[in-house]
Amino acid sequence: MKNVVITVSESMSEKTYATLLDGIKTKFGEDIKVTKRVDTSLIGGFVLNVDGVVYDNSISSQLNLINKEMNSQR
């Protein structure tokens, strides 16, 4: 059984969350234990932790990456 923690932004609809969960089950199988968390600092998107492996698809993470790239070009 895989332990999955899905951290979503407050603005994610239940329909979008259900679609995300379906994709996770397709990729990792039905034998998963899911914990859902809400983090308003994500702005949008989600962070997925599957048995310690983190997949960060949050807007805040993308903005931080853009900021780092812009600062490194100075």
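Okay, so let's start with Lys27: in this predicted model, Lys27 lies over the face of Phe28, at 5.7 Å from the ring centre. And there's another lysine to look at, Lys36, whose charged end sits over the ring of Tyr17, 4.2 Å from the centre of that ring.

Back to Phe28, then. If you search the whole structure for aromatic pairs, you get one. That's Phe28 with Tyr55: the ring centres are 6.3 Å apart and the planes sit at 55°, so we call the pair tilted. What I like here is where the two partners come from. Phe28 is in helix H1 and Tyr55 is in strand S4, residues 53-58, so to speak two distant parts of the chain, 27 residues apart, linked by the pair. And is Tyr55 buried or exposed? Somewhere in between: its relative accessibility is 36%, so Tyr55 counts as partly exposed.

Now the strands. S1, residues 2-8, and S2, residues 32-38, run parallel, with seven bridges joining them. Lys36, the one over Tyr17, shows up again here, standing opposite Ile6. Put helix H1, residues 14-28, together with S1 and S2 and you have a right-handed β-α-β unit.

Last stop, the loop between S1 and H1, which is where you find Ser9. Relative accessibility there is 4%, so Ser9 counts as buried. What does Ser9 touch, not counting residues up to four places away in sequence? The list is Val38, Asp39, Leu42, Ile43, Gly44 and Gly45. Val38 is a nice one to end on, since S2 covers residues 32-38.

Technical notes: Residues are numbered from 1 along each chain as its sequence is written. This is a predicted model: local features need pLDDT of at least 70, side-chain atom pairs count only at pLDDT 80 or more; totals for chains, interfaces and linings use all residues. Side-chain values use heavy atoms; hydrogens and water are left out. Two strands pair if DSSP finds at least two bridges between them. Helices (H or I, at least four residues) and strands (E, at least two) are DSSP runs, numbered from the N terminus. A crossover is right-handed if, with the strands pointing away from the viewer, the path from the first strand over the helix to the second runs clockwise. Rings of Phe, Tyr and Trp (its six-membered ring) pair if their centres lie within 6.5 Å; planes under 30 degrees apart count as stacked, over 60 as edge-to-face and the rest as tilted. Buried means under 20% relative accessible area, exposed over 50%, partly exposed in between (1.4 Å probe, protein chains only). A charge sits over a ring if NZ of Lys or CZ of Arg is within 6 Å of the ring centre and within 35 degrees of the ring normal. Contact means heavy atoms within 4.5 Å.
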